[in-house]
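Q: I am new to this structure and would like a close look at a single part of it, with the surroundings filled in afterwards. Please take your time over the answer.

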Amino acid sequence: MTKRKSFAGKIEEVVYARLEPGDDLLRALWEICKEHDIKTGVLMDCTGSMANCVMQRFGHEDHGGLGIDVVNIRGPLEVTATGVIGTGWVPDKSVTVPPLLKREGWTGFGFGGWEGHETPYCHVHIVVSNNSETVCGHLLEGSHLHPKPAPDKVDKITGRGNVPEHFTVAIAKVSGVVLKAVFDKSGYYHDVVAA
């Protein structure tokens with residue numbers, strides 16, 4: 001039997017949040033984690049619809065490098081997502097994001113789901129469907145909810161534009177264990193430690 005590093009934690013509470021029109025989903029998750037002091041947790045669910053989704057997914061062709069494609073799926077999209085939440089950990093300040101992983105609009109270590117040392121880390125797998133395809137991948141910055149429509153474009157059935165956004169997330173805050181997304185000189189990996 002393999003010896004695995006594991007620690008037990010407890011769910012303290014479940015935080016529900018309603019997002020706002022035009023929100024960047026990953027950045028909204030970071031903000032919710034900061035607001036509720038969530039250092040480790042579980043993204044239990046994201047449910048709603050979006051205008052677009054930027055994600056990493058395995059490439060259809062081997063083009064060298066990381067073996068992944070970054071795609072921007074256009075909507076309207078139906079969305080569901082889950083994931084783990086932890087803390088970004090860059091113990092050596094001389095370690096920076098490699099140019100291959102830096103893209104316009106991404107914040108710090110945003111390709112990996114966090115902005116910098118001791119900031120919220122969200123590793124989110126998202127499934128999106130539009131009218132022609134269903135795609136699953138790793139959520140990246142630049143994935144936006146629908147903007148608030150102009151007054152003459154209010155949806156006559158749902159009221160979208162006159163009513164609050166319906167996109168909702170549920171996050172379980174966990175204590176007793178800390179998940180770290182570590183980026184150091186050896187590379188990028190998860191570490192779990194007792195709190």
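How far is the sulfur of Cys-33 from the closest cysteine sulfur, and in which residue is that sulfur?

A: This is a predicted model, in which local features need pLDDT of at least 70 and side-chain atom pairs count only at pLDDT 80 or more, while totals for chains, interfaces and linings use all residues. Residues are numbered from 1 along each chain as its sequence is written, and side-chain values use heavy atoms, with hydrogens and water left out.

The sulfur of Cys-33 lies 4.3 Å from the closest cysteine sulfur, which belongs to Cys-122, and this is too far for a bond, since a disulfide is defined as a pair of cysteine sulfur atoms within 2.5 Å. Cys-33 is nevertheless buried, with a relative accessible area of 1%, where buried means under 20% relative accessible area, exposed over 50% and partly exposed in between, taken with a 1.4 Å probe and protein chains only. Cys-53 is likewise in no disulfide, and the nearest cysteine sulfur to it, that of Cys-136, is 9.7 Å away; at 0% relative accessibility, Cys-53 also counts as buried. The structure as a whole holds zero disulfides.

To place these residues, it helps to know that the protein has one helix and eight strands, which are DSSP runs numbered from the N terminus, helices being H or I of at least four residues and strands E of at least two. The elements follow the order β-α-β-β-β-β-β-β-β from the N terminus on. Strand β2 (residues 41–58) runs antiparallel to strand β3 (residues 68–89), and 15 bridges join them; two strands are said to pair if DSSP finds at least two bridges between them. Within that pairing, Gln-56 has Val-70 of β3 as its bridge partner. On to β4 (residues 120–129), β3 is joined by ten bridges, again antiparallel, and here Val-79 stands opposite Val-128 of β4. With strand β7 (residues 177–184), by contrast, β3 pairs in the parallel sense over three bridges, one partnership being that of Thr-87 with Lys-180 in β7.

The largest nonpolar core has 32 residues, and those with the most contacts inside it are Leu-25, Leu-29, Ile-126, Val-128, Phe-167 and Val-169. Such a core is a set of buried Ala, Val, Leu, Ile, Met, Phe, Trp, Tyr and Cys residues joined through side-chain atoms within 4.5 Å. Its largest share, seven residues, comes from α1. Leaving out residues up to four places away in sequence, Ile-126 touches several residues, including Leu-25, Met-50, Cys-53, Val-79 and Cys-136, where contact means heavy atoms within 4.5 Å. In soluble globular proteins, nonpolar side chains tend to be buried together. A second, separate core of ten residues includes Val-90, Val-95, Tyr-121 and Ala-181.

Two further residues complete the picture. His-138, placed in strand β5, is buried at a relative accessible area of 8%, and among the residues that His-138 touches, beyond four places in sequence, are Met-55, Gln-56 and His-123. Pro-91, in the loop between β3 and β4, is partly exposed, with a relative accessible area of 47%. Although 91 residues separate Pro-91 from Val-182 in sequence, their C-alpha atoms are 8.0 Å apart in space, and Pro-91 is in contact with Val-182 as well as with His-117, Phe-183 and Asp-184, neighbours within four places left aside.
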